[in-house]
Amino acid sequence: MVTKQEVMQTLEECIQTGTSAVSLYAKHVNNALLFSGFKTQTKELLANILVLLQEDSERHQKVYEDLLSQVKGSGKDVY
């Protein structure tokens with residue numbers, strides 16, 4: 001069993017980690033692609049994959065935020 005406070009803390013950590021990790025990762029990968037020796041077509045493909053990763057991460061972020069709101073609004077104290 002986990003308390004409401006512990007669930008909220010875990011969700012808040014997930015939100016923070018997701019926010020910082022994806023933006024940092026995207027920045028470094030974009031810089032690496034810029035200076036890589038890949039052909040233009042390969043760079044574009046990798047950049048598109050990175051955009052998909054960012055979009056998926058944003059959707060996951062929304063799920064965590066919605067779940068956090070539900071937990072905060074719940075009368076339950078044990079999960």
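Here are some notes on the helices, core, salt bridges and surface of this predicted model.

1. Start with helix H2, which covers residues 40-73. H2 has 34 residues and spans 49 Å from its first C-alpha to its last. At 1.5 Å a residue you would expect 50 Å, so the value found is close to that.

2. Which residues of H2 are buried? They are Leu50, Ser57, Gln61, Leu68 and Val71. Part of the cover for these buried residues comes from H1. Note that Ser57 and Gln61 are on that list alongside Leu50, Leu68 and Val71, so if you are looking at what sits under H1, keep those two in view as well.

3. Now the largest nonpolar core. It has six residues: Val7, Met8, Leu11, Ile15, Leu68 and Val71. H1 and H2 are the elements that each give two or more residues to this core, and H1 gives the most, with four. Leu68 and Val71 also turn up among the buried residues of H2.

4. Val7 is a handy place to zoom in on that core, being one of its members. Leaving out residues up to four places away in sequence, what does Val7 touch? Its contacts are Val2, Val71 and Tyr79. Of these, Val71 is itself part of the core.

5. On to charges. Side chains of opposite charge can pair when their charged atoms come close. How many salt bridges does a search of the whole structure find? The search turns up two.

6. One salt bridge joins the side chains of Asp56 and Arg59, at 2.1 Å from N to O. Both residues are in helix H2, three residues apart, which is about one turn of the helix. Asp56 has a relative accessible area of 33% and is therefore partly exposed, since that label covers values between 20% and 50%.

7. The other pairs Asp66 with Lys62, side chain to side chain, at 2.8 Å from N to O. This pair also lies in H2, four residues apart, again about one turn of the helix. Buried or exposed, or something in between, for Asp66? Asp66 is partly exposed, because its relative accessible area is 33%. Its partner Lys62 is partly exposed too, with a value of 46%.

8. There is a nonpolar patch on the surface, about 360 Å² in area, made by Phe38, Leu45, Leu46 and Ile49. Ile49 belongs to helix H2. With a relative accessibility of 46%, Ile49 counts as partly exposed, so it clears the 30% that a patch residue has to exceed.

9. Thr40 is another H2 residue. Why does Thr40 count as exposed? Because its relative accessibility is 54%, and the label applies over 50%. Thr40 and Ala21 are 19 residues apart along the chain, and their C-alpha atoms are separated by 26 Å.

10. Set that beside Thr19, which sits in helix H1, residues 4-35. Thr19 and Gln54 are 35 residues apart in sequence, with a C-alpha to C-alpha distance of 10.0 Å. As for solvent, Thr19 is partly exposed because its relative accessible area is 42%.

Definitions and conventions:
Residues are numbered from 1 along each chain as its sequence is written. This is a predicted model: local features need pLDDT of at least 70, side-chain atom pairs count only at pLDDT 80 or more; totals for chains, interfaces and linings use all residues. Side-chain values use heavy atoms; hydrogens and water are left out. Buried means under 20% relative accessible area, exposed over 50%, partly exposed in between (1.4 Å probe, protein chains only). Patches are made of residues with over 30% relative accessible area and no salt bridge: like charges are joined within 9 Å, nonpolar side chains (Val, Leu, Ile, Met, Phe, Trp, Tyr) within 5 Å. Accessible areas come from the Shrake-Rupley method with a 1.4 Å probe; for residues, only the protein chains shown count as cover. A salt bridge is a side-chain nitrogen of Lys or Arg within 4 Å of a carboxyl oxygen of Asp or Glu. Contact means heavy atoms within 4.5 Å. A nonpolar core is a set of buried Ala, Val, Leu, Ile, Met, Phe, Trp, Tyr and Cys residues joined through side-chain atoms within 4.5 Å.
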